[in-house]
Amino acid sequence: MEPISLFQNKHIVLGIAGGIAVYKVADLASKLTQAGAQVDCVLTESATKFVAPLTFAAVTGRAALTDADLWRHDLHVPHVSLGESADLIIIAPATANTLAKLAHGQADNLLTVTTLAARCPVVIVPAMDGGMWSNAATQANVATLRSRGIRVIGPAIGRMASGLSGEGRMVEPMDILGFIRVVLAEGGSLAGRKLVVTAGGTHEAIDPVRFIGNRSSGKQGFAIAQAAIDRGARVTLIAGATALATPFGAERIDVESAQEMRDKVIEACRDADTLIMAAAVADFQSAHTADQKIKKTKDTVEFEIKLVRTPDILQAVKEQRDRIEKPKVVIGFAAETQNLIDNARAKLTSKGLDLIAANDVSATDAGFAVDTNRVTLLDAGGGVEPLPIMSKVQVAERVLDRMAALLG
Ligand code: PMT
């Protein structure tokens, strides 16, 4: 996992109570550490029955703490120092017993006493048998915790350790990570801003089973959406064809054709601060879409499809922006195989953009489907900023830096 800017210099206390989901939390501890956070794991006595503290120490590179550490004379009030220095406390899995203790301010182990002493946001991730979860006592405890500002994610519905199915499964580590990102990003540099981001390729139907498409995977656009969420923005992600999971916190709108993308972009841009068009939109569509599958006959050797232009989305945005002055900043991408800078600058001017990322898609390590990209940022004032090869996540950060400067 690539380091994530949001997690740099962040201290996270990961509280682990005793449930079978503990084995999955080792993966969460590892992911948080790889993302760049300093992770201190605090295990309850029963958690240590499921997985040894050594596992958490190994994946975080830091001592995993248990109740015995509460009484060590070489650690000065560890619960207070942990609770005071943490940027976030996350308790996963949070058992019915630990939820009950937290709701009543009981502080009889290192995890509950640390949470009581904390001044940072607290996230709890319940996991337990379905009957325990739906019990009125647990529900009342969770309601109490929510009313005090504690965030709750899950539980999910599915198969539990008992073999029964129902609501009680711990949410998967990647979703917990996404939730944590949203909580940590609150009050970030883009808080209060709305961004519209497009990603992936459009599909232009020929008949019910065939389409004209392109090689876009959506990786660059999704990286931009996630990076904006990490800065606290509200993000509407308009996605064409892509297999990628939605970044936690994004409002995702799936579209198929250029026309559909145009309609959704125009609507979403009415109250947006910024539009970033990273999608690969088809320039042509079939003049006619057949209602039924086009059949070949034994004599068919050639078949012609007449193509017509798709709507130019950025052109439509420009016209709307001239009328309503929204979005304030519009950024495009230019996928080019030749005359990169000249072609990109022509698009910057004709589409009325503030910034364009000129993308040489003929290189094997840049452009479609790969994890890296190499772009040159051209602005409306004539500025040219060539960027070296970097991950699409890093490109996203650089584009957002420029966007933030344009937004002012
Ligand atoms: O998705 P990945 O696999 O990560 O790949 C990323 C990418 C290569 C798709 C991305 O970095 C990129 O370059 N996106 C723009 C692709 C493209 O359509 O470029 P273009 O030069 O054809 O279009 C210029 C701009 O006009 C783009 O912002 C495009 O979204 C927009 N456009 C294009 C056609 C159209 N009908 N309407 C538009 O608004």
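So, two domains: in this predicted model, the protein splits into domain 1, residues 5–185, and domain 2, residues 194–407. Their C-alpha centres sit 39 Å apart. Where they touch, nine residues come from domain 1 and eight residues from domain 2.

How much area is buried between domain 1 and domain 2? About 640 Å², with carbon and sulfur atoms giving 61% of that. For anyone new to this kind of number, interface size is often quoted as the accessible area lost when the parts come together.

Now, please find Arg181, Val182 and Ala185 on your screens. These three supply 56% of the area that domain 1 buries against domain 2, and no other three residues supply more.

Stay on Arg181 for a moment. Its side chain meets the side chain of Asp230 in a salt bridge, 2.7 Å from N to O. The count of salt bridges between domain 1 and domain 2 is one. As for polar contacts, two residue pairs make them across this interface, both at pLDDT 80 or more. And what kinds of residues does domain 1 bring to the side that touches domain 2? Five are nonpolar, two are polar and two are charged.

Next, the aromatics. The structure holds one aromatic pair, and the partners are Phe179 and Phe248. Pairs like this are described by the distance of the ring centres and the angle of the planes. Here the centres are 5.7 Å apart and the planes make 85 degrees, so the pair counts as edge-to-face, the cut-off being over 60. This pair links distant parts of the chain, 69 residues apart. Phe179 belongs to helix α9, residues 173–185, while Phe248 is in the loop between β11 (234–239) and β12 (251–254).

Last stop, the backbone. Keep in mind that most peptide bonds are trans, and that most residues other than glycine have a negative phi. Which residues does a cis peptide bond join here? Gly154 and Pro155 are joined by one, with omega about 5 degrees, and Pro155 is in the loop between β5 (151–152) and β6 (156–159). Lys326 and Pro327 are joined by another, with omega about -5 degrees. You will find Pro327 in the loop between α12 (313–324) and β16 (329–336).

Follow the chain past β16 and you come to Asn339, in the loop leading to α13 (340–350). Asn339 is not a glycine, yet its phi is positive, about 45 degrees.

That's my tour; thanks for listening!

Conventions:
Residues numbered from 1 in each chain as written. Predicted model: local features only at pLDDT ≥ 70, side-chain atom pairs only at ≥ 80, totals over all residues. Heavy atoms only, no water. Domains from an automatic or database assignment. Contact = heavy atoms within 4.5 Å. Buried area = accessible area lost by both parts, 1.4 Å probe. Salt bridge = Lys/Arg side-chain N within 4 Å of Asp/Glu carboxyl O. Polar contact = N/O pair within 3.5 Å; in protein donor to acceptor, adjacent residues only side chain to side chain. Nonpolar A, V, L, I, M, F, W, Y, C, P; charged D, E, K, R; others polar. Phe/Tyr/Trp six-rings, centres within 6.5 Å; stacked < 30°, edge-to-face > 60°. Helix = DSSP H or I, 4+ residues; strand = E, 2+ residues; numbered from the N terminus.
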